[in-house]
Amino acid sequence: MRCVFWGVPEFAVPSLRRLASSPAELAAVVTQPDRPRGRGRKLSPPPVKAAAESLGIPVLQPPRARDASFTEELRRLKPDIAAVVAYGQLLPKSILEMPRFGFINLHPSALPKYRGAAPIQRALWNGETETAATIMQLDEGEDTGPVLASLPVQICPDETAPELSARLAELGADLLAAVLERYPDNPPAPQPQNDALATKAPKLEREDGRIDWRLPASTLYNRFRACAEWPGSWTYLPDGKRLKIVACRALTEPLDGKPGTIEAARGILRVQTGQGALEILRVRPPNRADMSAAAYLNGLRGAFPPRFLLGEP
């Protein structure tokens, strides 16, 4: 089987490495162009490009997959099948029909639940206890193609988005390779998705990281887990400065006072929520490194009283 691999982020790298060691012949890797990153805005390659070059696989980086020049280059590769993991662009029918066995795609959710750009984050945001690694046949819609295989995965109670993503990337890589190895003699039968059960997983926005203390502590903790990589969870102090929450845990026992009231004593920092309390374990003050709540309280030197209400910008 002659395969072209499509992917961009770190999540796709385990699948690329797994397929590189499989019987499939990887004719090329398609990824996004290098982008400027960091304070210096230096051009950096996508993680998949770096991995492909280390494996000696040719890399294609079209600005748009629909470009005629790229389409012709892809046609010359004569792929039997294409494997996609987090490529980030919807592909036109003319490309999807190019390989004789089409495109197969790894999606980290129990489709049809959580179709979209952020299935891992939205599952955590909503407090799900189970997700899946799913292999589907790609069509022109957003994660709407028929399912070829699905592996249920339990979500650990304290698992964050980066942790769950790393685990699903490895499990999904094995599942993708197993499905690909069934071609051409015994491909899995496509199972149509039930669109009536579909839910969306839109990408997170920066404002999603802002903590609304009126919500229950369990909800805030789930959102903290979802936002762990980006945008992070943060709140405002009475002086208007923003404080990022790096580690926390939900408590069922409430404090006194309305939501947003802080109790700080003996190095312990707790905040009243709409239901229960959130204990803050580690923070990142403005322009400073991460530190424990105890170290942060020691550094305040009485700037705030032992009990105070969080402010607004």
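# A walk outward from Arg 270

At 29% relative accessibility, Arg 270 counts as partly exposed. That value, like every other value here, is computed from a predicted model. Partly exposed covers the range between the 20% limit for buried and the 50% limit for exposed. Arg 270 makes a good starting point for the charged side chains.

What does the side chain of Arg 270 meet in a salt bridge? The partner is Glu 279, with an N to O distance of 3.9 Å. Glu 279 has a second such partner in Arg 249, and here the N to O distance is 2.8 Å. Glu 279 lies in strand 14, residues 277–284, and Arg 249 lies in strand 11, residues 242–251. The two are 30 residues apart in sequence, so their salt bridge ties together separate parts of the chain. Taken as a group, Arg 249, Arg 270 and Glu 279 are linked in a network of salt bridges.

Is Glu 279 buried or exposed? Glu 279 is buried, because its relative accessible area of 9% is under the 20% limit. Arg 249 counts as partly exposed, with 40% relative accessibility. The network thus joins a buried glutamate to two partly exposed arginines.

Another salt bridge offers a second example. The side chains of Glu 97 and Lys 93 meet at 3.8 Å, N to O. Glu 97 is exposed, because its relative accessible area of 54% is over the 50% limit. Lys 93 is partly exposed, at 45%. How many salt bridges does a search of the whole structure find? The search gives 16.

Now step back to the whole chain. The protein chain holds eight helices and 16 strands. Its C-alpha trace spans about 70 × 45 × 30 Å along the principal axes. Of its 313 residues, 48% count as buried. Take the contacts in the chain with a separation of 6 or more: residues 24 or more positions apart account for 66% of them.

Helix 8 shows how one element sits against others. This helix runs over residues 293–300, and its buried residues are Ala 293, Tyr 296 and Leu 297. Seen down the axis of helix 8, these buried residues fall within an arc of 95°, so they line one face of the helix. What covers them includes strand 11, strand 12 (261–265), strand 13 (268–272), strand 14 and strand 15 (291–292). Strands 11 and 14 are already familiar: they carry Arg 249 and Glu 279. Just after helix 8, Arg 301 takes a positive phi of about 50°.

Next, the enclosed spaces. The structure holds two cavities of 30 Å³ or more. About 40 Å³ of space lies in the largest cavity. Its lining consists of Trp 213, Thr 235, Leu 243, Ile 245, Ile 262, Leu 269, Val 271, Ile 280 and Leu 310. Which elements give two or more residues to this lining? They are strand 11 and strand 13. Both strands are also among the elements that cover the buried residues of helix 8. The lining residues of the largest cavity divide into eight nonpolar, one polar and no charged.

The open spaces come next. The largest pocket has a volume of about 1,400 Å³. It is lined by 40 residues, of which Pro 9, Ala 86, Ala 117, Ala 118 and Pro 119 lie nearest its centre. Strand 7 (103–107), helix 5 (119–125) and helix 6 (161–180) are the elements that give two or more residues to the lining. Which of the elements gives the most? Helix 6 does, with six residues. By residue type, the pocket lining divides into 23 nonpolar, nine polar and eight charged. Charged residues therefore count in the pocket lining, by the grouping of Asp, Glu, Lys and Arg, whereas the lining of the largest cavity has no charged residues.

One loop residue closes the tour. Ser 109 lies in the loop between strand 7 and helix 5. Ser 109 is buried, with a relative accessible area of 0%. Leaving aside residues up to four places away in sequence, Ser 109 touches Tyr 114, Pro 119, Thr 131, Ala 132 and Thr 134. Pro 119 has appeared before, as one of the residues that lie nearest the centre of the largest pocket.

Note on methods:
Residues are numbered from 1 along each chain as its sequence is written. This is a predicted model: local features need pLDDT of at least 70, side-chain atom pairs count only at pLDDT 80 or more; totals for chains, interfaces and linings use all residues. Side-chain values use heavy atoms; hydrogens and water are left out. On a 1 Å grid over the protein atoms alone, a cavity is a set of points where a 1.4 Å probe fits but cannot get out, and a pocket is an open set with protein on both sides within 12 Å along at least five of seven lines; lining residues have an atom within 4 Å of a point. Grid points are joined across faces, edges and corners, and a volume is the space filled by probe spheres set on the points. Helices (H or I, at least four residues) and strands (E, at least two) are DSSP runs, numbered from the N terminus. A salt bridge is a side-chain nitrogen of Lys or Arg within 4 Å of a carboxyl oxygen of Asp or Glu. Buried means under 20% relative accessible area, exposed over 50%, partly exposed in between (1.4 Å probe, protein chains only). Contact means heavy atoms within 4.5 Å. The arc is that of the directions from the helix axis to the C-beta atoms.
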